[in-house]
Each structure stands twice: as structure tokens, then as C-alpha cells.
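Colleague: I am new to this one. Could you walk me through it, one question at a time?

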Amino acid sequence: MFGLGLATKIYIALDAVDMRKGFEGLHGLVRDQLGQDPLSGHLFLFTNRTRTRLKALVWDGSGLWVCAKRLEKGRFHWPAEQEGRSLTLRAEELAMLVNGLDLKPLLSKLDFNDRG
């Protein structure tokens with residue numbers, strides 16, 4: 001299993017993604033659209049247009065993980081598109097997001113694309 005260390009950044013892609021994408025497709029999005037290295041060990045999150053599914057891509061040192069979650073009710077409270085294509089989250093914000101909690105109160109305090 002992969003773990004999130006203190007140095008692990010969590011990038012959330014703001015644009016909707018085709019959830020049929022697998023390892024290669026998500027790898028390409030990280031590299032080409034987010035401008036990041038998919039093999040960096042950082043976690044990259046993606047969602048679909050309706051915000052009912054998400055996928056995570058992470059390198060654990062020996063291979064890539066792709067994890068998916070589908071909500072049976074409701075939607076993920078995904079940040080709206082801002083300047084740039086991604087933002088970074090802290091581990092506790094990731095937990096809030098994947099558990100269906102709204103990040104809007106926190107988002108006004110976030111710096112897009114350069115928060116670390």
C-alpha cells in the first residue's frame with residue numbers, strides 16, 4: 001500500500017476528466033496538463049464532470065497506483081476551476097474531500113498552483 005508522508009503533495013486537477021482513463025491516460029494528464037512528474041511520489045486527484053467519481057494516481061517507488069471511488073448518492077464538493085489547472089491540498093483536506101465534506105470555507109484561504 002502507499003502512504004502519504006509529510007513531503008507528499010496532493011494535487012487536485014480542477015478540470016473534469018474522462019473516468020475511462022487508466023494508468024497511461026492519467027499519467028499523461030499529470031505530465032502534460034498539470035506540468036508535474038507522475039513518478040514524483042505525489043498524489044494526483046481527478047474527477048468526472050458530474051463530480052460523482054474520482055480517481056487518484058500515485059507512484060509508490062515501484063509502480064503506479066490508480067484508485068477510484070464512486071459515490072452512490074450526492075457529489076464530491078470539488079473546487080471550482082480557477083486560474084491554473086490544479087491546486088494542492090493537505091492530508092486533512094483530502095480526507096474531507098473524499099468523505100463528502102465541503103471545502104469551500106477553506107478554499108478562500110488556498111493559494112492556487114503554488115501552495116505547498
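Colleague: Let us start with strand E5. Which of its residues are buried, on one side and on the other?

Modeller: This is a predicted model. In it, both faces of E5 are covered. On one side the buried residues are Ser86 and Thr88, and on the other they are Leu87 and Leu89.

Colleague: How many bridges pair E1 with E5, and in which sense?

Modeller: Take one pair to begin with: alanine 13 stands opposite serine 86 in E5. The two strands, E1 and E5, run in the antiparallel sense. Their bridges number four.

Colleague: What is the order of the strands in the open sheet?

Modeller: The sheet has five strands, and its pairing is mixed. E4 and E5 stand at the edges with a single partner strand each, so one side of each lacks a neighbour in the sheet. From one strand to the next the twist averages 25 degrees. The order reads E4-E3-E2-E1-E5.

Colleague: Which strands does H1 touch?

Modeller: H1 packs on the sheet. Its direction makes about 100 degrees with that of E4. The strands it touches are E2, E3 and E4.

Colleague: And H2: at what angle does it run to E5?

Modeller: H2 lies across E1, E2, E3, E4 and E5. Its angle to E5 is about 110 degrees.

Colleague: Within what arc do the buried residues of H2 fall?

Modeller: H2 covers residues 91-98, and Glu93, Leu94 and Leu97 are buried there. Seen down the helix axis, they line one face, because they fall within an arc of 105 degrees.

Colleague: Which glycine follows H2, and what is its phi?

Modeller: The residue is glycine 100. Its phi is positive, near 90 degrees.

Colleague: Is strand E3 largely enclosed or left open, and how many of its residues are buried?

Modeller: E3 spans residues 53-59, seven in number. It is largely enclosed by the rest of the structure, because the buried ones number five.

Colleague: How many bridges join E3 to E2, and how many to E4?

Modeller: E2 and E3 run antiparallel, and threonine 47 stands opposite leucine 54. E3 and E4 also pair in the antiparallel sense. There, tryptophan 59 faces leucine 64, and lysine 55 has alanine 68 as its bridge partner. The counts are five bridges to E2 and seven to E4.

Colleague: Which residues in the two hairpins take a positive phi?

Modeller: The hairpin of E2 and E3 has five residues between its strands, and arginine 51 in the turn has a phi of about 60 degrees. The hairpin of E3 and E4 has four residues between its strands, with a phi near 105 degrees at glycine 61. The residues are arginine 51 and glycine 61.

Colleague: How many salt bridges does a search of the whole structure find?

Modeller: Side chains of opposite charge can pair when their charged atoms come close. One such pair is arginine 70 with glutamate 72, at 2.9 Å from N to O. Both of these residues are exposed. The search finds five salt bridges.

Colleague: Take arginine 20 and aspartate 18. Which is exposed and which is partly exposed?

Modeller: Their side chains meet in a salt bridge, 2.8 Å from N to O. The cut-off for exposed is over 50% relative accessible area. At 34%, aspartate 18 is partly exposed. At 73%, the exposed one is arginine 20.

Colleague: Which residues are linked in a network of salt bridges?

Modeller: Start from arginine 90 and glutamate 92, whose side chains meet at 2.8 Å, N to O. Arginine 90 is partly exposed at 42% relative accessibility, and glutamate 92 is partly exposed at 45%. Glu93 is buried in H2. The network links Arg90, Glu92 and Glu93.

Colleague: Which helix has the lowest mean pLDDT among the elements, and which the highest?

Modeller: For the chain, the mean pLDDT is 85, and 84% of residues reach 70 or more. Helix H3, residues 104-107, has the lowest mean, 61. The highest, 97, belongs to helix H1.

Colleague: Where does pLDDT stay under 50?

Modeller: Where pLDDT is low, the predicted coordinates should not be read in detail. The model has 20 contacts beyond four places in sequence for this stretch. The stretch is residues 110-116.

Key:
Residues numbered from 1 in each chain as written. Predicted model: local features only at pLDDT ≥ 70, side-chain atom pairs only at ≥ 80, totals over all residues. Heavy atoms only, no water. Buried < 20%, exposed > 50% of the residue type's maximum accessible area, 1.4 Å probe, protein only. Pairing = 2+ DSSP bridges. pLDDT = per-residue confidence, 0-100. Contact = heavy atoms within 4.5 Å. Arc of directions from axis to C-beta. Salt bridge = Lys/Arg side-chain N within 4 Å of Asp/Glu carboxyl O. Axes fitted to C-alpha atoms, helices over the stretch in contact; angles between N-to-C directions.
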